[in-house]
Amino acid sequence: MSEDAVKIGIIGLGNMGMCHAKSLFNKKVDGAVLGAVADSNPEKLKEAATNFGSDLPVFDTAEALFGSGKIDAVIVATPHPCHVELVIKGLEKGLHMLCEKPAGVYTAEVEKMNAAADKSDCVFAIMFNQRTLNMHKKLKSLIESGELGEIRRFCYTITDWFRTQRYYDSGGWRATWRGEGGGVLLNQCPHNLDLMQWWFGLPKRLRSFCAFGKYHNIEVEDDVTTYMEFENGSTGLLITTTGEAPGSNRLEIACDRGKLVMEGGKLTFTRAVVPVAEYCKTTPETFTPPETWVCDIPVSADSGASQHEKIMAAFAAKIRGKGELVAKGQEGIRSLMLSNAMMLSSWTDGWVDFPIDATAFEKEIKARIATSKFEKVVVEAKAADMSKTF
């Protein structure tokens with residue numbers, strides 16, 4: 001590892017934090033090394049000493065890590081409600097910050113974080129690792145190139161985020177309003193919400209139906225269906241849940257040049273020889289659709305570092321002045337705006353316009369935190385295989 005390698009500290013040694021620490025410690029991230037870790041749980045610090053040796057600086061508070069002088073940058077991998085406060089404090093200390101998803105719990109607080117990042121000279125990134133996949137990048141290039149023509153409708157079914165009751169019982173913060181601020185929309189689906197806005201932009205309004213504790217003994221949402229309308233007249237549908245198995249991961253786009261489906265590791269474009277709108281207006285036929293060609297879009301296999309390692313490597317490269325981020329931290333507010341709008345729509349039983357009323361959502365979520373009577377019984381779970389979560 002070169003002498004100018006970025007020394008990264010990690011706050012929060014849960015499943016993801018420990019996963020990131022191991023990647024850094026094992027020198028799997030170009031341009032970066034593990035500099036220090038922090039966690040309020042003494043058992044996690046003992047585990048860190050076992051995994052990474054007694055020479056690694058360990059701290060029982062984020063403040064101690066920030067002031068240690070041992071690091072150049074920090075990954076925040078704590079429960080969601082802590083993200084904003086920790087990122088702002090780190091930036092104020094002159095540290096580069098990489099935040100796990102989601103950016104926060106509600107957009108009003110994330111606006112403050114983004115303002116702090118805008119004023120800082122430090123690099124600010126967010127862990128939207130799904131953007132590193134070649135399949136997702138190829139789809140974005142197809143949309144932006146105009147190859148698909150105007151988007152008319154999409155349906156994104158992402159129901160393979162299955163979670164057991166033991167998963168939810170494994171942490172006191174999981175699936176509670178106070179500890180997490182939401183369920184599938186805040187924990188599993190931020191990646192898909194980010195991809196959705198990355199591909200299609202934000203809608204002008206949406207109507208959502210969230211079910212709370214439908215499949216699990218939890219107080220937050222574990223099943224969501226949302227209908228969206230966009231400025232150009234196109235529509236979108238998102239369906240997600242943690243309660244179905246085997247579930248589906250399928251995106252279908254209806255566009256003026258036909259239909260594109262992303263499913264099972266393939267991109268299939270059923271391309272209309274004549275654009276659909278033109279054919280509809282000019283053909284003498286009454287029922288016959290336009291001729292189509294079925295095209296399998298070539299996508300190169302993902303290779304090398306893992307998704308998270310690629311995010312960390314890009315973060316380190318940007319700090320060293322040698323590259324660009326996969327996702328800027330300020331972009332995290334966009335997927336959060338979607339999830340906030342979806343919950344607000346369900347709570348108010350009505351449409352939500354964009355940009356959303358951040359104050360209205362903040363009032364609603366804080367009321368649920370304050371009045372929650374849900375009692376969590378925490379059950380120890382075996383160590384998670386994080387490779388099965390993304």
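**Entry 1: Thr226**

I began with the contacts of Thr226: setting aside residues up to four places away in sequence, Thr226 touches Leu206, Arg207, Ser208, Gly236, Leu237, Leu238 and Met342. A reminder to myself before going on: this is a predicted model.

Next I looked up where Thr226 sits, and found this residue in strand S9, which covers residues 221–229. Is Thr226 buried or exposed? I noted a relative accessible area of 0%; buried means under 20%, so Thr226 counts as buried.

One of the neighbours on my list deserved another look. The side chains of Thr226 and Ser208 make a polar contact at 2.7 Å.

**Entry 2: Phe154**

I moved on to strand S7, residues 151–158, where Phe154 lies. With a relative accessible area of 2%, Phe154 is buried too.

Which residues does Phe154 meet, leaving aside its neighbours within four places in sequence? I wrote down Met196, Phe200, Met228, Phe230, Thr235, Gly236, Leu237, Leu251, Glu252 and Ile253. Gly236 and Leu237 were already in my notes as contacts of Thr226.

I also checked a pair of positions in sequence and in space. Phe154 and Thr270 are 116 residues apart in sequence, and their C-alpha atoms are 15 Å apart.

**Entry 3: the cores**

Then I turned to the nonpolar cores. The largest one has 86 residues, and Met196, Trp199, Phe200 and Ile253 have the most contacts inside it. Which helix gives this core its largest share? I found that helix H11, residues 332–348, supplies that share with 9 residues.

A second core is separate from this one; it has 27 residues, including Ile8, Ile10, Val123 and Ala313.

Back to Ile253, which I had just listed in the largest core. Without its neighbours within four places in sequence, Ile253 is in contact with Leu139, Ile143, Ile151, Arg153, Phe154, Phe200, Gly258, Lys259 and Leu260.

**Entry 4: helices H6 and H8**

My last stop was a helix pair. Helix H6 (residues 134–145) packs with helix H8 (residues 190–200) at an angle of about 25 degrees, and their axes are 9 Å apart. Angles under 35 degrees count as roughly parallel, so I logged H6 and H8 as roughly parallel to each other.

Who makes the contact? From H6 I listed His136, Lys137, Leu139, Lys140 and Ile143, and from H8 Leu195, Trp198, Trp199 and Phe200. Sorted by class, this contact of H6 with H8 has 6 nonpolar, 1 polar and 2 charged residues. I was pleased to meet Leu139 and Ile143 again, since both are on my contact list for Ile253.

Terms used
Residues are numbered from 1 along each chain as its sequence is written. This is a predicted model: local features need pLDDT of at least 70, side-chain atom pairs count only at pLDDT 80 or more; totals for chains, interfaces and linings use all residues. Side-chain values use heavy atoms; hydrogens and water are left out. Helices (H or I, at least four residues) and strands (E, at least two) are DSSP runs, numbered from the N terminus. Buried means under 20% relative accessible area, exposed over 50%, partly exposed in between (1.4 Å probe, protein chains only). A polar contact is a pair of N or O atoms within 3.5 Å; within protein, one must be able to donate a hydrogen and the other to accept it, and residues adjacent in sequence count only if both atoms are side-chain atoms. Contact means heavy atoms within 4.5 Å. A nonpolar core is a set of buried Ala, Val, Leu, Ile, Met, Phe, Trp, Tyr and Cys residues joined through side-chain atoms within 4.5 Å. Axes are lines fitted to C-alpha atoms, for helices over the stretch in contact, and angles run from 0 to 180 degrees between N-to-C directions. Angles under 35 degrees count as roughly parallel, over 145 as roughly antiparallel, 65 to 115 as roughly perpendicular and the rest as oblique. Ala, Val, Leu, Ile, Met, Phe, Trp, Tyr, Cys and Pro count as nonpolar, Asp, Glu, Lys and Arg as charged, and the others, Gly among them, as polar.
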